[in-house]
Amino acid sequence: MLFKGAMALAWKDLYTEWKTKQTISTMLIFAGLVVIVFSFAFDPMNTTVKAIIPGLIWVIIVFAGLLGLNRSFTSEGKNDTIHALIVAPLDPSSIYLGKFISNLVMILIVEIISIPFLFILFDFKFHANLLYFILTIFIGTFGFVSAGTFLAALSSNSRSSEMLLPIILFPISTPILIGAVQATKIQLISPDKFASAISWMQLITAYDLIIFVACFILYEYVQEV
Amino acid sequence: MKKYQDIELDYAKGVQPVSTIHKLLTYTTAILFIVLVYMAFIYSPVEKTMGPVQKIFYAHVPSAWIAGVAFLGVFILSIAFLITRKRIYDLYAGISAEIGVVFTTIVLTTGPIWGRSSWNSWWSWEPRLTTTLILWFIYLAYVMIRHMDSPWDKRARLAAVFGIIGFLDVPIVFFAIRWWNTKMHPIVFGEGKDQSGGGLEPEMLATLFVGLGAFTLLYIVLLQKGVMIEKAKIAVQAYKEKLQDKLVR
């Protein structure tokens, strides 16, 4: 029941997104622009710039993700469909889960397109273990989206939600940013220290579990009328 | 859904008199602070390597302690609010967060002053410093949520939820930063053999404890004062609305 409702909601979100392609195209264009801005700020021809690639990956994910997260609940306000969701015979947690899944899918699509784009533009030679790299990106995104979806729901209650969300989301997601950037950096730049990348990934996983469970439980308090 | 319970205001009584306990606490705090100033500047010895700058320790550590207490208070009061839905808990949580932000600001300003002379740099991206900075941002965010334009019950509920999430986040932030960077703070209350973590002169330790006591009392006084002011604000607002109602009719 919980998953059925969540999947229905996620499907609804992704289907409307498929029809309009509004949010995802904005996120992709924004991600591309961030890459271009960075290529002006840090000369891509300089070999030392390779060291900041892991940071760039996460800056793109965070900023592009923020655009999508901002939309995910405010879009429900236009026709007051958020109230329809509240009165629907759904567990509040499955609303969270549904929104979480749709946000996760959208950000993952943006990552799949923009990270190779970044590697190409910065002429970065990828030598890391692809499977672990994808896993790192995935668990980092998982944590960011689980905190982000929750806080987007929280800030959507405010009239200035677009301004409130980054302010409340960035401090909460600092462990993700630190851990994910470190794990990515070790894998891409110094693969010989792979063991410490694993321990960073464990930290991210711990964060994911704690924050996801806490958000999952507390969500019903955010969504009360 | 649970019913919200607003605070009870007795308009007939007018402004509520300040309780004797509050007055007593205020005077005790004032005296304790004078004692603290005496102990910090005259009684306790000057530190050998750092010199008089080390005196900032007696304000820095208690402020950090109060910041911690205040944020733990926000966490507990937030849970209490979500369970009971009594507005009084929300008022206390809000004031506690504001006090916490003020004392974290004190920590973040006294820290660099001290650090400049003992580490020779204003700031270092060291676990405790960075965690304190992130903590400061988390509770600024909390205060911003409290200033949202919504009815009080909604605002209180959302703030309580954020207060819980924010507090759960702090230990993870600390561990993440600790792994990211090594430590620079000495462990004052000796860890390991022969108190190699640092250790303090007995006079210094006594001063520190007076400082902790004084700041803890200050926290309680400020908490009570803040809640009194909040209650007065609510009463004035209610009175205004009543008056407007009357004038319209």
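**Reading the interface and the nonpolar core**

Modeller: About 2,700 Å² is buried between chain B and chain A, and carbon and sulfur atoms give 77% of that area; buried area is the accessible area (1.4 Å probe) that two parts lose on being put together, summed over both. This is a predicted model, in which local features need pLDDT of at least 70 and side-chain atom pairs count only at pLDDT 80 or more, while totals for chains, interfaces and linings use all residues. Residues are numbered from 1 along each chain as its sequence is written, chains are lettered from A in the order in which they are written, and side-chain values use heavy atoms, with hydrogens and water left out.

Colleague: Which residues of chain B lose the most area to chain A?

Modeller: The size of an interface is often given as the accessible area lost when the parts come together. Here B:I165, B:I172 and B:W179 lose the most, together 21% of what the chain B side buries.

Colleague: How many salt bridges are counted between chain B and chain A?

Modeller: A salt bridge is a side-chain nitrogen of Lys or Arg within 4 Å of a carboxyl oxygen of Asp or Glu. The count between these chains is one, and the side chains of B:D149 and A:R159 meet in a salt bridge at 3.3 Å, N to O.

Colleague: What does A:F150 touch, leaving aside residues up to four places away in sequence?

Modeller: With contact taken as heavy atoms within 4.5 Å, A:F150 touches residues of both chains, including A:Y96, A:Y219, B:V161 and B:I165.
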